[in-house]
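Trainee: I would be grateful for a close look at one helix packing in this structure, followed outward to the parts around it. Please set out the reasoning behind each classification as you go.

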Amino acid sequence: MIIAGIYSFNRGREIIKERFAAELTEIERVIAAVDSALYKTKTSLEKTMPGRTLYSPRALNRAFAAEFKSRDWEKFKVRCEYPSQYYTPGFDPGHSTKGAFREMDFIKNRVGVEVQFGKYAFMVYNVCAKMTIFHNLGVIDIGVEIVPVKAFADEMSTGISYFEQFIWDLEQRGVADIDIPVLILGVAA
């Protein structure tokens, strides 16, 4: 795969180049090592493109996971302890809050990476919430979000979000005081 787009959110590109150049090089090598042609294996059942062969987001995620793991990047999971004092009197949540957790796809040397070939809300959540949470927990200093560019997303199921849409929204939103630096990489086949 190739890096087809680069966006620096809250100075993400500048900071990763200054402080985490080795990790950035590894991330670039992971992207280059994933041969997207191997993962154009999903036969569409959608009405708008029946029978069309598409890229499989799940298979692409597994390929990225294997490449990151081979370079000693690790998943990081934190258990969520949900507060109970906000329930109304008489409500019993039962076991619905047991076993909850948050997870970063890959972490190494305080760099957190998320690979997102899914719905739009997950991209926004990763950058505007999850990465800040993991920073506040003392796990990461900077984030990298890997997402498809529109031309690549168009070769997946409908509803897959993409780099261009994500960047537009981030630019309209602006940077908040709690946001950490994030490098957003748009990838293509």
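Mentor: In this predicted model, the axes of helix H4 and helix H6 (residues 163-173) come within 11 Å and cross at roughly 45°. An angle of 65 to 115 degrees would count as roughly perpendicular and one under 35 degrees as roughly parallel; H4 and H6 are therefore oblique to each other. Their crossing is right-handed. On the H4 side the contact is made by Tyr120, Met123, Val124, Val127 and Cys128, and on the H6 side by Gln165, Phe166, Asp169, Leu170 and Arg173.

Another residue of H4 deserves attention. Asn126 lies in this helix, and its relative accessibility is 2%, so Asn126 counts as buried. Leaving aside residues up to four places away in sequence, Asn126 touches Glu114, Gln116, Met131 and Glu145.

The loop that precedes H4 leads to the aromatic contacts. A search of the whole structure finds 7 aromatic pairs. In one of them, Phe64 and Phe117 have ring centres 5.9 Å apart and planes at 45°, so the pair is classed as tilted. Phe64 belongs to helix H3 (residues 57-70), while Phe117 is in the loop between strand E6 (111-115) and helix H4 (120-136); the pair therefore ties together parts that are 53 residues apart in sequence. Both partners are on the buried side of the 20% cut-off: Phe64 has a relative accessibility of 0% and so counts as buried, and Phe117, at 3%, counts as buried too.

Phe117 also pairs with Phe152: the ring centres are 6.3 Å apart and the planes stand at 85°, so this pair is edge-to-face. Since Phe117 is in the loop between E6 and H4 and Phe152 in helix H5 (residues 150-153), this pair ties together parts that are 35 residues apart in sequence. Phe152 has 2% relative accessibility and therefore counts as buried. Tyr55 joins Phe64, Phe117 and Phe152 in one aromatic cluster.

Phe64 carries the path onward to a second helix packing. The axes of H3 and helix H2 (residues 21-33) come within 9 Å and cross at roughly 135°. That angle makes H2 oblique to H3, because only angles over 145 degrees count as roughly antiparallel. H2 passes H3 in a right-handed crossing. Here Ile27, Val30, Ile31 and Ala33 of H2 meet Phe64, Glu67 and Phe68 of H3. Phe64 thus takes part in the contact between H2 and H3 as well as in the aromatic cluster.

On the other side of strand E6 is Arg110, which is found in the loop between strand E5 (101-108) and E6. With a relative accessible area of 33%, Arg110 is partly exposed. The C-alpha atoms of Arg110 and Val139 are separated by 6.0 Å, although the two residues are 29 apart along the chain. Apart from residues up to four places away in sequence, Arg110 touches Gly138, Val139, Ile140, Asp141 and Ile142.

Two contacts between a lysine and a ring complete the account. The charged end of Lys77 sits over the ring of Phe101, 4.1 Å from the ring centre. Lys150 lies over the face of Tyr162, where the distance to the ring centre is 5.4 Å.

Key:
Residues numbered from 1 in each chain as written. Predicted model: local features only at pLDDT ≥ 70, side-chain atom pairs only at ≥ 80, totals over all residues. Heavy atoms only, no water. Phe/Tyr/Trp six-rings, centres within 6.5 Å; stacked < 30°, edge-to-face > 60°. Helix = DSSP H or I, 4+ residues; strand = E, 2+ residues; numbered from the N terminus. Buried < 20%, exposed > 50% of the residue type's maximum accessible area, 1.4 Å probe, protein only. Lys NZ or Arg CZ within 6 Å of the ring centre and 35° of its normal. Axes fitted to C-alpha atoms, helices over the stretch in contact; angles between N-to-C directions. Left-handed = near helix turned anticlockwise from the far one by under 90°. Contact = heavy atoms within 4.5 Å.
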